[in-house]
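The following exercises are to be worked with the sequence and the coordinates at hand. Each task is followed by a solution in steps.

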Protein chains: 2
Amino acid sequence: MRDRDGDNGAERAQEEAEPGEAVELGILAGHLGFHLRLANDRTFETFADLLGADRLRPGCFTMLILIANNPGITQTGISRACGRDKSSVAKALRYMEDEGLIRRERVEDDRRSSASFVTPAGAQRVERLQEKARIQSARISAALGEARVQELLATLKALIDRLS
Amino acid sequence: MRDRDGDNGAERAQEEAEPGEAVELGILAGHLGFHLRLANDRTFETFADLLGADRLRPGCFTMLILIANNPGITQTGISRACGRDKSSVAKALRYMEDEGLIRRERVEDDRRSSASFVTPAGAQRVERLQEKARIQSARISAALGEARVQELLATLKALIDRLS
DNA sequence: TATTGTTATACTCTATAACTATA
DNA sequence: TATAGTTATAGAGTATAACAATA
């Protein structure tokens, strides 16, 4: 069923694939990208629900945590770490600046660069986000078991590193 | 330029995080969502490069394979299987119909529903897509090892099933 | 009343390209 | 010339809501 099955589920489904019936995934069953997207969607949704009012626009969560952990990080540094274009970073940072979560300063040594820092309000938000992230982690561990979660993380990191 | 200096980290970053330095990920290092997104981005990009001229709009790849494997599947069925709203499905199907990859027929038993089928041109495209998907799988297996890929797939499926 | 599919619309995230100011 | 950041713009991808046809 792995290959060239353009018509192997055919006769059965030729009439009609009814709701509730098992759908034949074909090559998708072994296609990593398909499952990565579904898993990504699912974890994103459940985390967004958990965050509730603390929710930030998606890219912002990552960027805010990065700034909290790397005070003075430049926008180019953020761009590299989160895999988004500098223009996307600029837009997200301006939003967080307007929200009072971060502040930016020109770097003295190189006045082209700007350094980002969390404000006290931003630090409080980071605290709450991290607490919610711990809850999310606990849920995932409950679903998969801690060992499997660690294995999953390690495998994803290897994939990110090695896939060119 | 792209190497890391090795030491630095938090105390170093307290002043300023310079480009090229290792970035402190903090809680992101163990945050599954962060790594899922990066892995998803990476596999998507490499697969898109591989597809080249055969590339379809992202949602369409999944939907076309589903239709090939489930001839006559309804739009609601596709919607459920790929986790997208029926309006998104309708838009994607119209696009693929315009491209000559699929055709749609009203279902006789329930004239509200429409059944989708791949055209001969669609079937050819599916063949090429599946061939490229096999190449992508081989690359991923080369990067991680076949056993680890299977383990990863199984874990992602478990996560999708169990995370509420 | 409920469901299937369509359409109009809007929103979010993102990148490209052109720009400035520094280096 | 090259780099950091900004801005305007465009484009994917998606969902919401109102709708028509059908059940």
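**Exercise 1: Strand pairing**

Task: Determine how strand S1 (residues 73-74) of chain B and strand S3 (residues 114-118) of chain B are joined, and in which sense they run.

Solution. The model under study is a predicted one.
Step 1. S1(B) and S3(B) run antiparallel and are joined by two bridges. B:Thr74 has B:Ala115 in S3(B) as its bridge partner.
Step 2. S3(B) is also joined to strand S2 (residues 102-106) of chain B, by five bridges and again in antiparallel fashion. Here B:Arg104 is paired with B:Ser116 of S3(B).
Step 3. In chain A, S1(A) pairs with strand S3 (residues 114-118) in the antiparallel sense over two bridges, and A:Thr74 stands opposite A:Ala115.
Step 4. The strand order in chain A is S1-S3-S2, an open sheet of three strands with antiparallel pairing. S1 and strand S2 (102-106) of chain A are its edge strands, since each pairs on one side only.

**Exercise 2: Helix crossing**

Task: Classify the mutual orientation of helix H3 (residues 58-69) and helix H5 (residues 86-98) of chain A, and identify the residues in contact.

Solution. Two quantities are required: packed helices are described by the angle between their axes and the distance between the axes.
Step 1. The axes of H3(A) and H5(A) come within 10 Å and cross at roughly 80°.
Step 2. Angles of 65 to 115 degrees count as roughly perpendicular; H3(A) and H5(A) are therefore roughly perpendicular to each other.
Step 3. H3(A) contributes A:Gly59, A:Cys60, A:Met63 and A:Leu64 to the contact, while H5(A) contributes A:Ser88, A:Val89, A:Ala92, A:Leu93, A:Tyr95 and A:Met96.
Step 4. By class, this contact of H3(A) with H5(A) has eight nonpolar, two polar and no charged residues.

Task: Repeat the analysis for H6(A) and H7(A).

Solution.
Step 1. The axes of H6(A) and H7(A) come within 7 Å and cross at roughly 110°.
Step 2. H6(A) is therefore roughly perpendicular to H7(A).
Step 3. The contact involves A:Ile140, A:Ser141 and A:Leu144 of H6(A), and A:Glu146, A:Arg148 and A:Val149 of H7(A).
Step 4. Its classes are three nonpolar, one polar and two charged residues.

**Exercise 3: The contact between the chains**

Task: State how many residues each chain gives to the contact, and which element of chain A gives the largest share.

Solution.
Step 1. Chain A gives 67 residues and chain B gives 65 residues.
Step 2. Elements of chain A that give two or more residues include helix H1 (10-13), helix H2 (32-51), helix H6 (120-144) and helix H7 (146-162).
Step 3. The largest share on the side of chain A, 15 residues, comes from H2(A).
Step 4. That side divides into 34 nonpolar, 22 polar and eleven charged residues.

**Exercise 4: The surface near DNA strand C**

Task: Which residues come nearest to DNA strand C, and which element gives the most to the surface near it?

Solution.
Step 1. There are 24 residues around DNA strand C, of which A:Gly59, A:Asp85, A:Ser87, B:Thr76 and B:Ser87 come nearest.
Step 2. H3 and H5 of chain A, together with helix H4 (75-82) and helix H5 (86-98) of chain B, each supply at least two residues of this surface. H5(B) gives the most, with six residues.
Step 3. The classes are four nonpolar, nine polar and eleven charged.

Definitions and conventions. Residues are numbered from 1 along each chain as its sequence is written. Chains are lettered from A and ligands numbered from 1 in the order in which they are written. This is a predicted model: local features need pLDDT of at least 70, side-chain atom pairs count only at pLDDT 80 or more; totals for chains, interfaces and linings use all residues. Axes are lines fitted to C-alpha atoms, for helices over the stretch in contact, and angles run from 0 to 180 degrees between N-to-C directions. Helices (H or I, at least four residues) and strands (E, at least two) are DSSP runs, numbered from the N terminus. Angles under 35 degrees count as roughly parallel, over 145 as roughly antiparallel, 65 to 115 as roughly perpendicular and the rest as oblique. Two residues are in contact if their C-beta atoms, placed from the backbone, lie within 7 Å. Ala, Val, Leu, Ile, Met, Phe, Trp, Tyr, Cys and Pro count as nonpolar, Asp, Glu, Lys and Arg as charged, and the others, Gly among them, as polar. A residue is near a molecule or strand if its C-beta atom, placed from the backbone, lies within 6 Å of it. Two strands pair if DSSP finds at least two bridges between them.
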